[in-house]
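Reader: I would like to learn how to read a few features of a protein model, taking each general idea before its particular case. Could we go through them together?

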Amino acid sequence: MTTRRLLLAGALGVASLLFVGVVFIPILFGAGQFMFGGSVRSNCVDVTRAGSQPDAADDAQAIPANFLGLYRKAGEKYGIPWNVLAAVGKVETDHGRSQLPGVSSGENYAGAGGPMQFLAPTFKSYGVDGNGDGRKDRYDPEDAIPSAANYLKASGAPERMRTAIFAYNHSWDYVNLVLDWAKKYVGGEFEVVQANGINCEDNELPSDVGGLVQRIIKFAMAQRGKPYVFGANGPDAWDCSSLIQGAYRTVGLDIPRTTFQQWPFGVKVDKGKEQPGDLVFFNSGPGTSANNPGHVGMVIGDNKMIVASCSTCVPAIGVKPYKRSDWVGTTRPLARPDFKRKVSELAADRPGG
């Protein structure tokens, strides 16, 4: 073999090794994630103290007493750190003391009004009657401040605080300025929580259910952090019904592919009697109705489900409450006679399962 051919063969060999590495290493890591329940669990964020109310520092004395009381009251009620609400009030209108248009009356150039600077449509959606006088007034701090807390809560706070503040005013400079003031009001020792959708407290699987249900739920929970793609069947992406199908398939049980097929498949369960592993259905999505739900999740605990929500949701696949206005009903696939027989057969083939 000539020197040129030797060099060519060596180059091809190196290229082949690189190709194997590029292909095999991701497969190895992907297989490890599948076998060991998913690496996403190690990336969880502790949100247990996200809504804690910190002590005030000297800088908080500059806040008008009536506003400070309202910030504290709304913070406690909505689980939003009071100093974040106070920081929003400071940045927006200096706690209602600004003399600019749209603070005590009228609107500014952008159409915002009141001490917390609400646009009329936003206040219509999220405004609350904080003082119980029978009306919602964005210029009244007793209504505006709890309304701001309500809006932040609906936008992801306190678990995703930076995201929620950005929703309040679409500027990261604004977010940073608000958080700078939030730190000043409590003496500088303050960090907000910005969860990635995988909360540590959700990692605990229910302990009062059988091993088979545990395995079903564990598989579904391991998919957190992956994207929602309509029509996807895993393993890298799922939609709501394929996630359910995939989870049951891991224990040898086959259920239909789509939500519309899954709804009549399981045995109906009355609300309030749902158990881990049951399916909860919702009247959401095109072509759906109370008798033809188009969205599904899996119960993992009281008012907690693992669900593949949507491509723009954060998290796309995660743990969310199921007791909501569009909840249609619940089914229990494991209560089907054929599934009961299949489970007995699987148990016989899997000692200790």
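Author: What follows takes up the overall make-up, the disulfide, one loop residue and one pair of helices.

Author: This is a predicted model, in which local features need pLDDT of at least 70 and side-chain atom pairs count only at pLDDT 80 or more, while totals for chains, interfaces and linings use all residues. Residues are numbered from 1 along each chain as its sequence is written, and side-chain values use heavy atoms, with hydrogens and water left out.

Reader: How many helices and strands are there in the protein chain?

Author: Helices (H or I, at least four residues) and strands (E, at least two) are DSSP runs, numbered from the N terminus. The protein chain has 11 helices and 8 strands. Of its 353 residues, 44% are buried, where buried means under 20% relative accessible area, exposed over 50%, and partly exposed in between (1.4 Å probe, protein chains only).

Reader: Which residues does a disulfide join here?

Author: A disulfide is a covalent bond between the sulfur atoms of two cysteines, and the criterion used is a pair of cysteine sulfur atoms within 2.5 Å. A search of the whole structure finds 1 disulfide, and it joins Cys310 to Cys313 with an S to S distance of 1.9 Å. The torsion about the S-S bond of Cys310 and Cys313 is about 105°, so this disulfide is right-handed. Cys310 is partly exposed at 22% relative accessibility, and Cys313 is partly exposed at 26%, whereas Cys240 is buried at 5%.

Reader: Is Asp137 buried or exposed?

Author: Asp137 lies in the loop between helix H4 (120–126) and helix H5 (141–154), and with a relative accessibility of 17% Asp137 counts as buried. Leaving aside residues up to four places away in sequence, Asp137 touches Phe123, Asp143 and Ala144, a contact being heavy atoms within 4.5 Å.

Reader: At what angle do the axes of H5 and H6 cross?

Author: Axes are lines fitted to C-alpha atoms, for helices over the stretch in contact, and angles run from 0 to 180 degrees between N-to-C directions. The axes of H5 and helix H6 (residues 161–168) come within 8 Å and cross at roughly 120°. That makes H5 oblique to H6, since angles under 35 degrees count as roughly parallel, over 145 as roughly antiparallel, 65 to 115 as roughly perpendicular and the rest as oblique.

Reader: Which residues make the contact of H5 with H6?

Author: Ala148, Tyr151 and Leu152 of H5 meet Ala164, Ile165, Ala167 and Tyr168 of H6.
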